[in-house]
Structures are given as structure tokens and as C-alpha cells.
Amino acid sequence: MKQSNAYTIDLTKIDGTGDFPCPSCGINISPEDETEKVYHILKTKLRNDSLEELIILCHKCGSRIHIVGFLAQ
């Protein structure tokens, strides 16, 4: 059985369009991928109608990734 790890990714520290490698297995995670083949969204956290945190699950390694650093519109 795969061990689940938890990681935090701060989008303000990523160059580009928001793609990043899974911190555990390295598979590319892209916000443009809507197929849920690589990951799926476990939970969204909002604050004042703005996205504050997104928790996703990597399908390849089972890691939970907490994504923070969304810019308020």
C-alpha cells in the first residue's frame, strides 16, 4: 500500500502558468488538466468568496498537495 504524504505548494513561488511537478513522484500537475487522470480535487477552501487553498490528490503516488498563494481578483 502506498504511503500518503502531504506537501504544500505556494503558487507565488512558481514561474509560468501554474504547472508544477508532484513533490513526491515528479508527475506534471497542470491547472489546465480537467481529465482527473493525474490528480483530483479533494477540497477547496474559500475566504471572502476568494480561493484560499486547494487540496488535491496525486493519482500516481497518493500524495495530498495543499496549493496556496492564489491571487485575489
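Here are some friendly notes on the structure above, which is a predicted model.

1. **Secondary structure.** If you are looking for helices, the chain has zero of them; its secondary structure consists of six strands. Reading along the sequence gives the pattern β-β-β-β-β-β. The radius of gyration is 12 Å, close to the 11 Å from the globule rule for 73 residues, so the chain is as compact as a globular protein of that length.

2. **Overall dimensions.** How far does the C-alpha trace span along its principal axes? The answer is about 40 × 25 × 20 Å.

3. **Surface and burial.** What share of the 73 residues counts as buried? Here it is 23%. The accessible surface of the chain comes to about 5,200 Å², and carbon and sulfur atoms account for 49% of that area.

4. **Charges.** The chain carries 8 positive and 10 negative charges. Take the mean position of each set, and the two points lie 10 Å apart.

5. **Contacts along the sequence.** Consider the contacts in the chain between residues at least 6 apart in sequence: 35% of them join residues at least 24 apart.

6. **The nonpolar core.** The largest nonpolar core is worth a look in your viewer, and it has 12 residues. Its isoleucines are Ile9, Ile29, Ile56, Ile65 and Ile67, and its cysteines are Cys22, Cys58 and Cys61. Phe20, Val38, Tyr39 and Leu54 complete the set. Which elements give two or more residues to this core? They are strand 5 (50-58) and strand 6 (64-68). Strand 5 gives the most, with three residues.

7. **Ile65, a residue to click on.** Ile65 is a member of that core and lies in strand 6. Is Ile65 buried or exposed? Its relative accessibility is 0%, so Ile65 counts as buried.

8. **The surroundings of Ile65.** Setting aside neighbours within four places in sequence, Ile65 is in contact with residues that include Ile9, Phe20, Cys22, Ile29, Leu54 and Ile56, and these six also belong to the largest nonpolar core. Tyr7, Pro23 and Ile55 are among the other residues that Ile65 touches. For one of these partners there is a distance to check on screen: Leu54 is 11 residues from Ile65 along the chain, and their C-alpha atoms are separated by 8.1 Å.

Definitions and conventions
Residues numbered from 1 in each chain as written. Predicted model: local features only at pLDDT ≥ 70, side-chain atom pairs only at ≥ 80, totals over all residues. Heavy atoms only, no water. Helix = DSSP H or I, 4+ residues; strand = E, 2+ residues; numbered from the N terminus. Rg over C-alpha atoms; globule rule 2.2 N^0.38 Å. Buried < 20%, exposed > 50% of the residue type's maximum accessible area, 1.4 Å probe, protein only. Contact = heavy atoms within 4.5 Å. Areas by Shrake-Rupley, 256 points an atom, 1.4 Å probe, with all protein chains shown as cover. Lys, Arg positive; Asp, Glu negative; His and termini not counted. Charge placed at Lys NZ, Arg CZ, Asp CG, Glu CD. Core = buried A, V, L, I, M, F, W, Y, C linked by side-chain atoms within 4.5 Å.
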